[in-house]
Amino acid sequence: IRKAIRFQLSESPWEGTESMWENMSIDGMFKKIESFKNNTWIFFDIESTGLKPEKSQITEIAAIAVDPNMFRESSDIIGTFNMKSKFTQDTLDIIKQQEDMPEEEKEEWRKKNRMTVTDILSMTRHGVKGSDFEKSFKTDELSLIESFLDFVESYSNPMLVIQNADFDMPFTSTRYEKHGGDPERLLSVPVMDTKIIMKQFLIPMLKTLAGPPTDDRESQEMLKKLRKPGYHSVSQGVVSTAYGISADEWHNALADVKMMMEMLRRVMTSLEKGRGLDITSAQERRR
């Protein structure tokens, strides 16, 4: 739990923290990414029964390994991992408790917590059929995480590419440690966070190009698509939709990984327009 709190404060030990990209130009960003060309990029996503690893479990992990030297053109997929886990006893107890709630109580729960575990499992397509939960997932959570780590370690110089590493990394390491695993096995792998790249470079670039003297219409239109009350979103679903990438299968781990790959490809193409551009002012306004 302490680890999860520390990571949320952006003091995480992996290469992927926001501080790694601070005060960097778009040209510097491309140079930094170029330094990862000898890594195997492993796009990674988890699904879980909730947001708190001390109370919720991982139900699915998906990952796709690619050669970064071919990523912009074809992604050159060299390996795929996708596995679901059976429910822990804690999860089964929570499911039963929530399923047995009177409907009024269940609605009150949804008002406070947005979704029940059953709702989440339905959204993530974990084999839910009403209250008849799929029993065919035989892998336990520990074996699921270890199988994923075996997949990662089977490649030379692996680097994880994650949308919002401050969720997936501490959640996975906390669950692994809960089952007796060594979290350093995961935390020692470098990370590139796509959310931070969009936050630190894409949004500032669009704002810079959208304003005078450029008044770039394409950037103005993209900002409108990303606009939420009081901020511009770097959520994977919002950004993907803005680029015309289908988000129909969002919240299925493997579909999310594929969507992240295409999103990053489009973002990197957009950022090419910002080479040589001074985005410092827009970056400072985000802080």
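This is a guided tour of a predicted model, moving from the whole chain to three helix pairs and then to two single residues.

**The whole chain**

Begin with the entire chain selected and coloured by secondary structure, where 13 helices and nine strands can be picked out. If the colouring is then switched to accessibility, 50% of the 287 residues count as buried. Contacts that link distant parts of the sequence are worth displaying at this stage, since among the contacts with a separation of 6 or more, 69% are accounted for by residues 24 or more positions apart.

**Helix H12**

Next select residues 253–271, which form helix H12, and place a distance between the C-alpha atoms at its two ends: they are 26 Å apart, in agreement with the 27 Å that 19 residues should span at 1.5 Å a residue. With the surroundings of H12 shown again, the helix is seen to be largely enclosed by the rest of the structure, because 15 of its 19 residues are buried.

**H9 against H12**

Keep H12 on screen and add H9, residues 194–210. The axes of H9 and H12 come within 11 Å of each other and cross at roughly 30°; an angle under 35 degrees counts as roughly parallel, and these two helices are therefore described in that way. The crossing in which H9 passes H12 is left-handed. To see the contact itself, show side chains for Thr194, Ile197, Met198, Phe201, Leu202 and Met205 on the H9 side, which meet Met260, Met263, Leu264, Val267, Ser270 and Leu271 on the H12 side. Coloured by class, this contact of H9 with H12 comprises ten nonpolar and two polar residues, with no charged residue taking part.

**H9 against H10**

Hide H12, leave H9 in place and select residues 217–226, which make up helix H10. Here the axes of H9 and H10 come within 8 Å and cross at roughly 130°, so the pair is oblique, and H9 again makes a left-handed crossing, this time as it passes H10. The H9 residues to display are Ile203, Leu206, Lys207, Leu209 and Ala210, and their partners in H10 are Ser219, Gln220, Met222, Leu223 and Leu226. By class, the contact of H9 with H10 consists of seven nonpolar, two polar and one charged residues.

**H6 against H7**

Clear the view and select residues 141–153 for helix H6 together with residues 165–178 for helix H7, whose axes lie 9 Å apart and pack at an angle of about 125°. H6 and H7 are therefore oblique to each other, and their crossing is left-handed. From H6 the contact draws on Glu141, Leu142, Ile145, Glu146 and Leu149, while H7 contributes Thr172, Arg175 and Tyr176. Sorted by class, the residues in the contact of H6 with H7 are four nonpolar, one polar and three charged.

**Two single residues**

Return to Lys207, one of the H9 residues that meet H10, and add Ser281, which belongs to helix H13, residues 280–285. The C-alpha atoms of Ser281 and Lys207 are separated by 9.7 Å, although the two residues are 74 residues apart along the chain. Ser281 has a relative accessible area of 42% and is partly exposed.

Finally, select Asp90, which lies in helix H3, residues 89–99. Asp90 likewise counts as partly exposed, at 48% relative accessibility. Extending the selection to Gln57 gives a C-alpha separation of 8.8 Å from Asp90, for two residues that lie 33 residues apart along the chain.

Technical notes. Residues are numbered from 1 along each chain as its sequence is written. This is a predicted model: local features need pLDDT of at least 70, side-chain atom pairs count only at pLDDT 80 or more; totals for chains, interfaces and linings use all residues. Side-chain values use heavy atoms; hydrogens and water are left out. Axes are lines fitted to C-alpha atoms, for helices over the stretch in contact, and angles run from 0 to 180 degrees between N-to-C directions. Helices (H or I, at least four residues) and strands (E, at least two) are DSSP runs, numbered from the N terminus. Angles under 35 degrees count as roughly parallel, over 145 as roughly antiparallel, 65 to 115 as roughly perpendicular and the rest as oblique. A crossing is left-handed if the near helix is turned anticlockwise from the far one by less than a right angle, and right-handed if clockwise. Contact means heavy atoms within 4.5 Å. Ala, Val, Leu, Ile, Met, Phe, Trp, Tyr, Cys and Pro count as nonpolar, Asp, Glu, Lys and Arg as charged, and the others, Gly among them, as polar. The expected span of a helix is 1.5 Å times one less than its number of residues. Buried means under 20% relative accessible area, exposed over 50%, partly exposed in between (1.4 Å probe, protein chains only).
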